[in-house]
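Me: Can you walk me through the charged pairs in this one? I'd like the reasoning along with each value.

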Amino acid sequence: MQKLARGLAHKLAFGAVFGRAMLLTVAVVCAGPVVGCGDGPPRAPTILRPLDEPHAVSVMAKVFRELGHEPVRNRIIKFGPNDAELKLDIAAKDKRFGIAYITWQDADKLGDNLPKRRDPDAIIVVRGNGDDDDVHAALLFAADYMQDDLAGESHTSTSIAAEQKLMLATKDILRRAEHEGWP
């Protein structure tokens, strides 16, 4: 009987060792695909860029027309503490308001004349100086309207989403102009 018990104990011990070895083997084999999942080397992060200025202006002009304003391009006003020149990329014909689409180049050129942004979701409106003191200029920053390069299948921000965000901001500005009675 002792011989049988020792044999059984030996088989159980062998089974336990063999079972752990099998479990370890299965874990290693299964973990391989999880660790190396993917179709190749790690992907580079998605590169985002703002809507380019001509495209942004066309989107804004469309909204101006939809809401009954005839858009005009490139109105220049003086504004800020140093009477800097601000180009309104799109303005309403026969009205004294418009929108400046501020690229990083514009921001660099305007420097301290641009108000500091505390809330990236708020639309900043500046008033002109001198002969332009009744002009309202809404500032939309290009960096708020980012799109990816449309490569691959995982987009972080499509051009459609950036355009829609720009359309909504433009509508908000035009509604504010109407509500506040901008000239």
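Reply: Sure. One cut-off before we start: a residue is called buried under 20% relative accessible area and exposed over 50%, with partly exposed in between. Keep in mind that this is a predicted model.

Me: How many salt bridges does the structure hold?

Reply: The criterion is a side-chain nitrogen of Lys or Arg within 4 Å of a carboxyl oxygen of Asp or Glu. By that count, the number of salt bridges in the structure is nine.

Me: Take Glu70 and Lys93: how far apart are the closest N and O atoms?

Reply: A salt bridge needs the N and O atoms within 4 Å. Glu70 and Lys93 do form one, and their closest N and O atoms are apart by 3.8 Å.

Me: How many residues apart in sequence are the parts that this pair ties together?

Reply: Glu70 is in the loop between α2 (53-66) and β2 (71-79), while Lys93 is in the loop between β3 (84-92) and β4 (97-102). The pair therefore ties together parts whose separation in sequence is 23 residues.

Me: Is Lys93 buried, exposed or partly exposed?

Reply: Its partner Glu70 has 48% relative accessibility and counts as partly exposed. For Lys93 the value is 40%. That sits between the 20% and 50% cut-offs, so Lys93 counts as partly exposed.

Me: Next, Lys87 and Asp89. Which class does Asp89 fall in, buried or exposed?

Reply: These two form a salt bridge, with the closest N and O atoms 3.2 Å apart. Lys87 is partly exposed at 32%. Asp89 has a relative accessible area of 1%, and with the cut-off at under 20%, Asp89 is buried.

Me: In which helix do Glu180 and Arg176 lie?

Reply: Their side chains meet in a salt bridge at 3.1 Å, N to O. Glu180 is partly exposed at 44%, and Arg176 is partly exposed at 33%. They are four residues apart, about one turn of the helix, and both lie in α4 (residues 159-180).

Me: Which residues do salt bridges with shared partners join into one network?

Reply: Lys87 and Asp89 make a salt bridge with each other. Through shared partners, the network is made up of Glu53, Lys87 and Asp89.

Me: What separates the C-alpha atoms of Tyr101 and Asp89?

Reply: Tyr101 is found in strand β4 and is buried, with a relative accessible area of 0%. Its contacts beyond four places in sequence include Glu53 and Asp89. Tyr101 and Asp89 are 12 residues apart along the chain, and their C-alpha atoms are separated by 6.3 Å.

How values were computed
Residues numbered from 1 in each chain as written. Predicted model: local features only at pLDDT ≥ 70, side-chain atom pairs only at ≥ 80, totals over all residues. Heavy atoms only, no water. Helix = DSSP H or I, 4+ residues; strand = E, 2+ residues; numbered from the N terminus. Buried < 20%, exposed > 50% of the residue type's maximum accessible area, 1.4 Å probe, protein only. Contact = heavy atoms within 4.5 Å.
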